[in-house]
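Student: I have just opened this one and don't know my way around yet. Could you walk me through a few parts of it?
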Amino acid sequence: MKLRSLLTSAMALTLSAVLASAPALAQDKFTFRLAETWGPNFPIFGDTTKRLAETVEKMSDGRLTIRIDSANKHKAPLGVFDMVKAGQYDMGHSASYYWKGKVPNTLFFTSMPFGMTADEQYAWFYHGGGMELMQEVYEPHNMLSFPGGNTGVQMGGWFRKEINSLEDLQGLKMRIPGFQGEVFAEVGVNPTNIPPGELYTSLERGTIDAVEWVGPALDLRLGFQQIADYYYTGWHEPATELQFLINKRSWEKLPADLQEILRIAMRSAAYDMLIHSVHENSKAWASIREKHPNVQIKNFPEDVLTAMAEANDKLLAEAAAGDPQAKKIIDSQAMYLKNARNYTDISLRAYLNTMAEINE
Ligand code: CA
């Protein structure tokens, strides 16, 4: 009797000691508030955060809930970096290159002109040191950054008149943001950034002559096919990767198993966005082909592409010369691209060339 009661109280003591010392227990519940750059029900991008929230909820048996606020709620589509950094939100879904004005080296983790394809870039992120470099850039801002879904190759834009040479680009007003816009500027284009809601009207009224957005699925919704006949193929964003941002303090509050669930769910949601993009773009392109025979697919002429490539090299060399961290990232991407592309050439490219020959 005495022994049993002693044992029982010893067990109770041990249990209470465990309870007091454990930072988080299996039954503890967590809610992460996520701010996304996109408006409510934004196709593909918005589906990615919804999918993430559902997966995390199920995998954690309800222990981790993600509450999504779209841009209509937080009113700061391009404020996601600051809001997550400050801890106002635990998480964000956006694109790293939007922060280049604040932290220039965030630019490199979305997609670079003449850069890697989605396959090559995911390989760089997860196996080629890309994640470590990205973390180095976000660490001083108390955030973690993870790949957040890929659009695949973006289209080069809608033009109202055909581009036959470099001459045709001189003074052309085009909606093309970011580093890509800087490359266009180097070859004579007048780049502007106009909010999505005003793009159609701006193109229709001639405020701009051309517009770059994403690809068939997202472009079709904005109606450019009704007012522009020339749809150019892309070179500027070959694999646009969105981003999950996480406040470091919020991340550290999670027990290790929930961190791992969130990590795996983000990776799965990102991959899902890539294949969802393929699916939606294929459907949308079929629809444009059928309903808008006015739309012609064009490649930029060789002199334009050569000038773009030279401008891109020049801008990258300037960035590398001005900052050792930028140089490290640029070199890592260039080396990785070289090796990966040698392999892509004898595998995917060879296969697509073979298929093209057969179908000729
Ligand atoms: Ca774009």
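Tutor: Let us go through a strand, a helix and a surface patch in turn, bearing in mind that this is a predicted model.

Student: Okay, which way do the residues of strand β3 point?

Tutor: In strand β3, which covers residues 91-94, M91 and H93 point one way while G92 and S94 point the other way, and all of them are buried.

Student: And how many bridges join β1 to β3?

Tutor: Strand β1 (residues 30-36) runs parallel to β3 and is joined to it by three bridges, with A35 standing opposite G92. β3 also pairs with strand β10, residues 241-247, in the antiparallel sense and over four bridges, and there H93 stands opposite F244.

Student: Switching to helices, how many residues does α2 have?

Tutor: Helix α2 spans residues 45-59, which is 15 residues, and reaches 21 Å from its first C-alpha to its last, close to the 21 Å expected at 1.5 Å a residue.

Student: Which of its residues are buried in α2?

Tutor: Those buried in α2 are F45, G46, T48, T49, L52, A53 and V56. Seen down the axis of α2, the buried residues fall within an arc of 160°, so they line one face of the helix.

Student: What phi does D61 take, just after α2?

Tutor: D61 takes a positive phi of about 55° there.

Student: Last thing, which residues form the nonpolar patch on the surface?

Tutor: That patch is formed by L348, Y351, L352, M355 and I358, which together have about 500 Å² of accessible area. L348 is found in helix α13, residues 324-359, and is partly exposed, with a relative accessible area of 45%.

Notes: Residues are numbered from 1 along each chain as its sequence is written. This is a predicted model: local features need pLDDT of at least 70, side-chain atom pairs count only at pLDDT 80 or more; totals for chains, interfaces and linings use all residues. Side-chain values use heavy atoms; hydrogens and water are left out. Buried means under 20% relative accessible area, exposed over 50%, partly exposed in between (1.4 Å probe, protein chains only). Helices (H or I, at least four residues) and strands (E, at least two) are DSSP runs, numbered from the N terminus. Two strands pair if DSSP finds at least two bridges between them. The expected span of a helix is 1.5 Å times one less than its number of residues. The arc is that of the directions from the helix axis to the C-beta atoms. Patches are made of residues with over 30% relative accessible area and no salt bridge: like charges are joined within 9 Å, nonpolar side chains (Val, Leu, Ile, Met, Phe, Trp, Tyr) within 5 Å. Accessible areas come from the Shrake-Rupley method with a 1.4 Å probe; for residues, only the protein chains shown count as cover. A salt bridge is a side-chain nitrogen of Lys or Arg within 4 Å of a carboxyl oxygen of Asp or Glu.
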